[in-house]
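Hello,

Here is the structure I promised to pass on to you. Please open it first and then read my notes below.

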Amino acid sequence: MSSTAAVPFWRAAGMTYISYSNICANLVRNCLKEPHKSEAISREKVHFSLSKWVDGKPEKPNCHVYKLSCF
Amino acid sequence: MFRQATARLLSRSAAASPKARPFSTDLESAPAADQAFVDAWKKVAPNMDPPKTPLSFMKPRPPTPSSIPSKLIVNFSLPYASELSGKEVDMVIVPATTGQMGILPGHVPTIAELKPGLMTVHEGNDVQKYFVSSGFALVHANSFADIIAVEAVPVDRIDPTLVQKGLAEFTQKLNSASTELEKAEAQIGLDVHSALSSALSG
Amino acid sequence: MAMAALRREGKRFALTSPNPINVLRSSLAPSEERMSLGVRGISTQIVRNRMKSVKNIQKITKAMKMVAASKLRAIQVRAENSRGLWQPFTALLGDTPSVDVKKNVIVTISSDKGLCGGINSTSVKISRAMRRLTSGPDKESTYVILGEKAKAQLIRDSRNFIELSITELQKNFLNYTQVSVLADEILKNVEYDALRVVFNKFQSVVSFLPTTATILSPEVVEREAEAGGKLGDLDAYEIEGGETKSEILQNLAEFQFSCVMFNAVLENACSEQGARMSAMDSSSRNAGEMLDRLTLTYNRTRQASITTELIEIISGASALEG
């Protein structure tokens with residue numbers, strides 16, 4: 001029942017469904033026994049570089065290299 | 001130069017011939033699926049074949065039968081694996097946000113959002129237990145159930161000590177959280193870990 | 001005879017490059033001057049150099065083919081595993097490429113690296129046609145570009161319509177977390193009524209099917225469902241969880257986009273490796289053919305010069321005798 005209350009919670013806090021589901025998945029992966037844990041964690045590496053375009057010119061790209069926020 | 005050109009021509013015709021075949025079968029399975037799109041496409045790009053759409057790669061599903069079938073067909077997919085695909089089972093219980101939801105053959109069509117929790121697949125006396133993190137369950141009128149989850153693991157792979165540790169950690173985090181975002185993250189952590197521990201005990 | 005050959009070569013070097021040693025050598029053999037203007041004037045050195053470079057190119061393309069083949073094997077498994085991911089959404093929401101909405105965003109998926117046949121220009125061509133199809137007086141369409149190659153092509157004629165470009169996706173192997181974070185960033189940065197993902201679907205090593213997947217915004221889904229038509233069935237579905245229907249549709253649309261993107265990125269990466277494999281295969285075959293031709297020319301020239309030399313010796317000997 002607590003999660004029905006939490007649904008507006010995460011959206012109100014500025015999260016999207018994608019980030020919410022990623023955090024959930026990350027927490028579940030962290031509670032696995034080895035060797036499944038390290039195998040699952042290896043699926044979490046995030047790396048890309050994104051640049052916004054304004055008036056036909058790219059702005060400075062910002063690199064996304066991070067782990068999920070919880071751990 | 002000529003040699004290259006002929007090689008290219010050859011490879012193009014080789015690539016074109018297998019392309020032609022699925023197209024003709026497409027027309028049979030979905031004749032008027034997006035005729036409007038194909039027509040509009042021909043207007044803007046007459047020299048190019050219209051791109052395929054996902055529907056043409058999908059195995060057509062049977063129409064809704066008049067009587068309730070005895071089995072439920074389950075597709076359970078994860079990003080990195082198709083855990084169950086087209087499997088016939090008796091019942092599936094999924095953790096919908098409103099509580100555990102049992103899906104039997106002939107269930108009304110439903111879109112259910114899933115919360116972290118225990119999902120069980122019943123097949124005769126055989127019961128498979130998964131812990132799903134989050135996702136969606138789509139039940140169609142023709143007794144097809146599609147379940148998509150971001151992460152799902154068999155329950156016996158969960159480490160109980162880590163769950164207890166996480167539960168304590170996030171209870172403490174929830175009390176110390178200052179911003180809205182931290183609070184929400186701690187709340188999610190608490191939800192996931194309490195669902196994990198109840199899945200282990202239940 | 002070996003000395004003569006050496007001197008001849010020295011002479012040839014002197015003609016092509018101002019090397020002082022060779023100039024010296026050729027001055028040591030002034031009698032060669034007249035002879036090299038004859039039949040033996042065809043250079044074997046140039047052909048030999050050419051053969052060496054072609055051989056090296058062939059080695060490189062063969063190695064690239066091997067690398068692409070092993071990458072393809074790894075990525076193909078993951079692409080096939082991810083195919084279950086979009087099917088539920090298509091079963092639920094159907095296929096709506098012909099939907100007519102105001103704000104269209106075309107997500108063009110391409111590769112960062114080249115040498116992979118025509119897959120990038122195919123997605124660019126499809127995207128351009130898609131833009132022509134979806135832009136009009138009261139509707140607009142913009143690009144979100146994945147990968148360097150499509151960016152380089154689209155920058156030429158449609159730089160004003162690019163909203164976002166994303167590169168360096170394949171530093172680590174592609175995984176769902178990465179693509180979903182990426183999808184999240186796209187959704188945060190663009191306004192859309194319909195997202196049209198353009199990618200190459202992997203069919204086999206030699207064939208890729210340009211494909212477009214359409215993702216509608218929750219508002220459009222609701223509107224279309226009420227209006228009937230293709231999404232008319234959606235109203236028959238009961239909604240579990242969430243406070244309102246629009247809330248669950250919003251979650252569903254976000255999740256659909258990340259799932260479709262994940263599969264699309266994998267399929268395109270798979271097509272890229274397949275295309276690179278066949279491109280490298282044909283170029284190492286070409287290099288092999290070229291090498292054969294060069295070897296033939298080289299041997300003929302060598303034989304011709306030997307024959308000429310023999311004739312000279314024999315005719316010299318017979319002149320002495322006579």
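Strand β5 (residues 110–114) of chain B pairs with β6 (238–240) of chain C in the parallel sense, over three bridges. If you would like a place to start looking, B:Thr110 stands opposite C:Glu238 in β6(C). Please keep in mind that this is a predicted model.

That strand pair belongs to a wider meeting of the two chains: 44 residues of chain C are in contact with 46 residues of chain B. On the chain C side, at least two residues each come from α4 (44–81), α5 (87–93), α6 (119–134), β4 (194–204), β5 (207–216), β6 (238–240) and α10. Of these, α10(C) provides the largest share, seven residues. By type, the chain C residues that touch chain B divide into 23 nonpolar, 14 polar and seven charged.

Now to the other partner of chain C. Here 29 residues of chain C are in contact with 21 residues of chain A. β3, α8 and α10 of chain C each supply at least two residues of the side that touches chain A, and the largest share, 11 residues, comes from α8(C). This side of chain C is made up of 10 nonpolar, 12 polar and seven charged residues.

Strands meet between these chains as well: β1 (residues 46–54) of chain A and β3(C) run antiparallel and are joined by four bridges. To find the spot, look for A:Lys52, whose bridge partner in β3(C) is C:Leu164.

Next, the interior. The largest nonpolar core has 131 residues, and those with the most contacts inside it are B:Val74, B:Val94, C:Val197, C:Val260 and C:Val265. Helix α10 (residues 245–321) of chain C gives the most to this core, with 19 residues. In soluble globular proteins, nonpolar side chains tend to be buried together.

Which residues is C:Val197 in contact with, leaving aside its neighbours within four places in sequence? They are C:Val107, C:Ile109, C:Thr212, C:Ala213, C:Val260, C:Met261 and C:Ala264.

One last residue to visit is C:Phe173, in the loop between β3 (162–167) and α8 (176–189) of chain C. Is C:Phe173 buried or exposed? The answer lies in between: C:Phe173 is partly exposed, because 14 other C-beta atoms lie within 10 Å, while a buried residue would need 20 or more and an exposed one 12 or fewer. The C-alpha atoms of C:Phe173 and C:Ala74 are 9.6 Å apart, although 99 residues separate the two along the chain.

Enjoy exploring, and best wishes!

Terms used:
Residues numbered from 1 in each chain as written. Chains lettered and ligands numbered in written order. Predicted model: local features only at pLDDT ≥ 70, side-chain atom pairs only at ≥ 80, totals over all residues. Core = buried A, V, L, I, M, F, W, Y, C linked by C-beta atoms within 7 Å. Contact = placed C-beta atoms within 7 Å. Nonpolar A, V, L, I, M, F, W, Y, C, P; charged D, E, K, R; others polar. Pairing = 2+ DSSP bridges.
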